Amino acid sequence: MRTIRESLRLKRSETLTAKPDQGRAMECVAADLASTHFIKSGDFTRFADWRFIHRARLNLVPLNGSSSWRTGDRRCRRCGYTTESLSHVVDHCMRYTALYMARHNSIVARIKKAAGTRFQVIAENTTIGTQKLRPDLVIKRGKTVLIIDVTVPFDNRMAAFEVAARSKKEKYEQLRAELASEHGAAEVVPFIVGALGSWDPNNNKFMRQLCSRKYGDLMRKLCVSDTIRSSRNIYIEHITGAFDKVWHKGFLIKLREQLPHTWCALLESYLTDRQFRVIHEEAVTEWKNISAGVPQGSVLGPILYLLYTADIPNNDNNDTITTAMFADDTAILSTSKNQLTATDNLQASINNIFAWTRRWKIKINGDKSVHVNYTLRKTENIPILLNQTLIPQKDSAKYLGMHLDSRLNWKHHVRQKKIQVKEKIRKLYWLVGPHSELTIENKRLLYVAIIKPIWTYGIQLWGCASKSNIDIIQR
């Protein structure tokens, strides 16, 4: 017999999970154990992916449109779509079509490899039937033909998987009938893995036909981990957007100055004569040339970008100027006992870097640039210009997740971290609160994966703050 407290607790939980922005991905994740195989062991999963996916599944990654109560511009920073949600970034932003295709193809490749011992591959991504459709794989064993089409929908409750499966079956129904009349029996197999690594349990029936149980268990884990890795790469590329700024002709000139001729020729063939087009169902656009950017999601991508920006002016002859770079985030530090001297040196360095960016066709985002005077003394407001535009002067700057205030006492950083921690706890309260049904072990896992990294990040620097400032977050 339920107590009043138990009834109220269940009602509160049901109300929370019924909200449109609560538990959507976790409903898909909970459908099969393969979706969480990496939580304890970390098998086949990078630590960066492990940290990302916990936040992503709870919709806690920072995006313009990630929260319904967020104010300001909610548009996608890359394509201008009305809402920059996680589902838009990892599944629908057309700037990342190549990355979506690579994620999709990695799953197809694993299915094809597993099918090699039991099935004959009749067709692979080629037109077949009177409708000229292009299923990912058509395989045959005996008199049975399987039409396999992989899809990676966003993990928006199990209904999203059901809709995706139903649409695939309707799409290939006529082809199934044609192949059944020709071979004896045919079946459409929608193979579904969520963009956030949710394994559709309806795949398991096909997996039992495809391979042994042992290899099937391994393949499920690999498909989940591969998808998580690809989705994180898409998200990181969306946030940084650095690799699409590499001007090919200028880059090849730089390569000839930095690398041996044979390496230059190899990288030139890798970058040049690249084209793209967009295919949506039966509609196909014309081929267009790619004149900038390096292949996104590739192993060489970050290395090529570093080579492209290696010659950025860094004032080697001036010990008072330091230039720090991480991808496309750049910080310039000018030091001097005299504020005017430090400001003049900083302005000269900015002018040199701006001239360099114009020469190599790199655009600086002036809206995100700030000017901070780090000192314990009183200072004057001496303007700093970027392309004849005033850089706003502020009391703190955020660089690589660290809030650097003008007095370097870390008070602002600690306060921001406290706000972030409270916000995360508020969102996770239905999971980690006293009325949650989760065990202490699972609550601790959520804390270690999502909440603890917020305040421990960069603690090697801000850990030297005064006790009064550290107590802000301790409270």
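**Exercise 1. Where is the place of leucine 400? Then classify its exposure and comment on its phi.**

Some ground rules come before the solution. This is a predicted model, in which local features need pLDDT of at least 70, side-chain atom pairs count only at pLDDT 80 or more, and totals for chains, interfaces and linings use all residues. Residues are numbered from 1 along each chain as its sequence is written, and side-chain values use heavy atoms, with hydrogens and water left out.

Step 1. Leucine 400 lies in the loop between strand E13 (396-399) and strand E14 (402-405). Helices (H or I, at least four residues) and strands (E, at least two) are DSSP runs, numbered from the N terminus.

Step 2. Its relative accessible area is 33%, so leucine 400 is partly exposed. The classes are buried under 20%, exposed over 50% and partly exposed in between (1.4 Å probe, protein chains only).

Step 3. Most residues other than glycine have a negative phi. Leucine 400 has a positive phi of about 55°, yet is not a glycine.

**Exercise 2. Treat leucine 408 in the loop between E14 and helix H15 (411-432).**

Step 1. Leucine 408 also is not a glycine, and its phi is positive, about 55°.

Step 2. Leucine 408 counts as partly exposed because its relative accessibility is 47%.

**Exercise 3. Why does arginine 220 count as buried, and which residues does it contact?**

Step 1. Arginine 220 sits in helix H10 (residues 213-240).

Step 2. Its relative accessibility is 15%, so arginine 220 counts as buried.

Step 3. Set aside neighbours within four places in sequence. Arginine 220 then contacts Ala34, Trp199, Asn204 and Met207. Contact means heavy atoms within 4.5 Å.

**Exercise 4. What is the strand order in the open sheet of 4 strands, and which strands stand at the edges?**

Step 1. The order is E1-E2-E3-E4, with mixed pairing. Two strands pair if DSSP finds at least two bridges between them.

Step 2. Strand E1 (120-124) and strand E4 (185-192) stand at the edges: each has a single partner strand, so one side of each lacks a neighbour in the sheet.

Step 3. From one strand to the next, the twist averages 25°. Axes are lines fitted to C-alpha atoms, for helices over the stretch in contact; angles run from 0 to 180 degrees between N-to-C directions.

Step 4. Helix H6 (residues 97-115) packs on the sheet and touches E1, E2, strand E3 (144-151) and E4. The direction of H6 makes about 155° with that of E3.

Step 5. E1 pairs with strand E2 (residues 137-141) in the antiparallel sense, over 4 bridges. Glutamate 124 stands opposite leucine 137 in E2.
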